[in-house]
Amino acid sequence: MKHPVVAIVRYEKPMESVRRAIDLSRGLQHLSPGSRVFIKPNIVFWTKEVRFPKWGVITTSRVVEDMVILLKERGFDHITIGEGSVLTKPKYPETPAHAFETLGYNVLKKRYGIRCINFHERPYEKVDLGEGITLNFNSDILHSDFVVNIPVLKTHSQVVVTLGIKNLKGALDIRSRQICHSADPVKDLNYMIARLPKAFPPSFTILDGIYTSERGPGFDAEVTRSNLLVASSDLLSVDMVGAKVLGYETSQVPHLVHAARDRGRPTDLSDVEIVGEAVESVSSHHEYSFPYTEDGRLPIGMERMGIQGLSYWKYDLTLCTYCSSLTRVILPAIARVWKGKAWDDVEVLTGKTMKPGKGKKKTILFGKCIYQANRDNPHIREVIAVKGCPPSSKQIAGAFHKAGIPVDTSSIEKMDKIPGSYMRKYEGRPEFEETHFTVS
Ligand code: SF4
């Protein structure tokens, strides 16, 4: 039996490096001319309010354009690029339109005759993945002949790494994404992600590691210029090698363990042929989890500030992307109003399954799911409800004020602007090139 081939290539030059990755991995060999090709980049998040760090967060337009040119060179004329980014207002098309314009996709459209689609404006259809799981996927990608999957080579604070398999979650509608963050302890997020590839046509994956990130997947990650590409037409193999490049054995990445088990594959890379660079020579450890106190009460940084009287329990797998993005805004907002006087034994529960801690006076139930799970919990002395899904900035600020934590309402309302403040980290660092996110 032939072993799946994974190519590891250093990104050195436009066109040539992606070409080498395709050639070494023999990734497009089985694609017949006339095939309808769907390119799925990763635009995990977007705001049109400010310039924000895209390095290690969003697929570079450099690799996307290289891929389009190489597909055209091989005679493929039916090319679509599509994404369904996480947006504060998913139904408003202006933000994805701004993303496509900024990333140069409209130039690609004119220059190469490709199509660009925002999943949120397109039809979805139900796919039965077996074992009682039915999810809604974008129809365009499902009915393409071939998917070129171009995620970023990055870690993920919940599922360790987010590579080719996880990038497919972006083709789900919002409700199905929420379902993936299931409260079922067996059919959890990792289990659900591992099943996503079943819905898709054959694919070629190229992990864009020009920039790699720790504690992803968002703009607050720690990013390194790594200049790497990892490519294969075997989705699981490319992810296993990508995880290794980020410093993780497959056995440390639960969704890859599920996927390997389903396919009867070993998790030690013994059945994978790696070509190009040696994996050991390009691997480096990338942390994935945000550091919290041992009991999960607070992020370490907030504990070091001496914050008392507040338990904002560490997120779990059931917290879905929208509530998770809000948490990233709220925690700094809380830190900013700490004046050294202990708050009134407040705790914040998030996700779908958390239970109240002992002896707390006030419990903020953050989001519809956790509200429904705990609204009648007799161990809670005072419930402060944030019932939205996802919660609105007004509901959030109101709840914290009620709990005696005077977060600045306007900073939460302007959450679309917050990513801009992270640009400071990149000032004076020429290795972070904005031109990688445009098409000239
Ligand atoms: S309330 Fe939050 S965790 Fe629950 S489904 Fe909505 S966004 Fe997800």
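I began at asparagine 227, which lies in strand S11. Strands here are DSSP runs of E with at least two residues, helices are runs of H or I with at least four, and both are numbered from the N terminus. I noted that the model is predicted: local features need pLDDT of at least 70, side-chain atom pairs count only at pLDDT 80 or more, and totals for chains, interfaces and linings use all residues. Residues are numbered from 1 along each chain as its sequence is written.

**Entry 1: positive phi**

Asparagine 227 is not a glycine, yet its phi is positive, about 50 degrees. I asked whether asparagine 227 is buried, partly exposed or exposed. It counts as partly exposed, because it has 16 C-beta neighbours inside 10 Å. The cut-offs, with C-beta atoms placed from the backbone, are 20 or more other C-beta atoms within 10 Å for buried, 12 or fewer for exposed, and in between for partly exposed.

I then looked up aspartate 345. Its phi is near 50 degrees, again a positive value in a residue other than glycine. Aspartate 345 sits in the loop between H13 and S14. It is partly exposed, because 18 other C-beta atoms lie within 10 Å.

**Entry 2: helix H1**

I went to H1, residues 16–25. Which residues of H1 are buried? I listed Ser17, Val18, Ala21, Ile22, Leu24 and Ser25. Their cover includes strand S1 (5–10), helix H2 (61–73), S10, S11 and strand S12 (273–276). Arginine 26, just after H1, takes a positive phi of about 50 degrees.

**Entry 3: threonine 80**

Threonine 80 is in strand S3, residues 78–83. It is partly exposed, because 16 other C-beta atoms lie within 10 Å. I set aside its neighbours within four places in sequence and looked for contacts. Threonine 80 touches Phe38, Ile39, Ile114, Arg115, Ile117, Asp140 and Ser144. Contact means that two C-beta atoms, placed from the backbone, lie within 7 Å. Serine 144 is 64 residues from threonine 80 along the chain, and their C-alpha atoms are separated by 8.9 Å.

**Entry 4: a hairpin**

I followed strand S5 (residues 124–130) into strand S6 (residues 133–138). The two run antiparallel and are joined by 6 bridges. Two strands pair if DSSP finds at least two bridges between them. Aspartate 128 has threonine 134 in S6 as its bridge partner. S5 and S6 form a hairpin with 2 residues between them. Glutamate 131, in the turn, has a positive phi of about 50 degrees.

**Entry 5: the open sheet**

Next came an open sheet of 4 strands, in the order S13-S14-S15-S16, with parallel pairing. Strand S13 (310–312) and strand S16 (383–386) are at the edges; each has a single partner strand, so one side of each has no neighbour in the sheet. Neighbouring strands are turned by 15 degrees against each other on average, direction ignored. Axes are lines fitted to C-alpha atoms, for helices over the stretch in contact, and angles between N-to-C directions run from 0 to 180 degrees.

I checked one pair inside this sheet. S14 (residues 346–349) and S15 (residues 362–366) are parallel and joined by 4 bridges. Valine 346 stands opposite lysine 362 in S15. Helix H15 (residues 393–402) packs on the sheet and touches S15 and S16. The direction of H15 makes about 165 degrees with that of S16.

**Entry 6: cis prolines**

The peptide bond from glycine 216 to proline 217 is cis, with omega near 15 degrees. Proline 217 is in the loop between strand S10 (203–214) and strand S11 (222–232). The bond from cysteine 389 to proline 390 is also cis. Its omega is near -10 degrees. Proline 390 is in the loop between S16 and H15.

**Entry 7: around the ligand**

Which residues are around the ligand? I found Gln178, Leu319, Cys320, Tyr322, Cys323, Gly351, Gly367, Lys368, Cys369, Cys389 and Pro390. A residue counts as near if its C-beta atom, placed from the backbone, lies within 6 Å. Helix H13 (321–336) and helix H14 (368–374) are the elements that give two or more residues to this shell.

**Entry 8: domains**

I closed with the domain assignment, which gives domain 1 (5–288) and domain 2 (300–420). Such bounds come from an automatic or database assignment. The domain centres, taken over C-alpha atoms, are separated by 32 Å. In all, 18 residues of domain 1 are in contact with 15 residues of domain 2.
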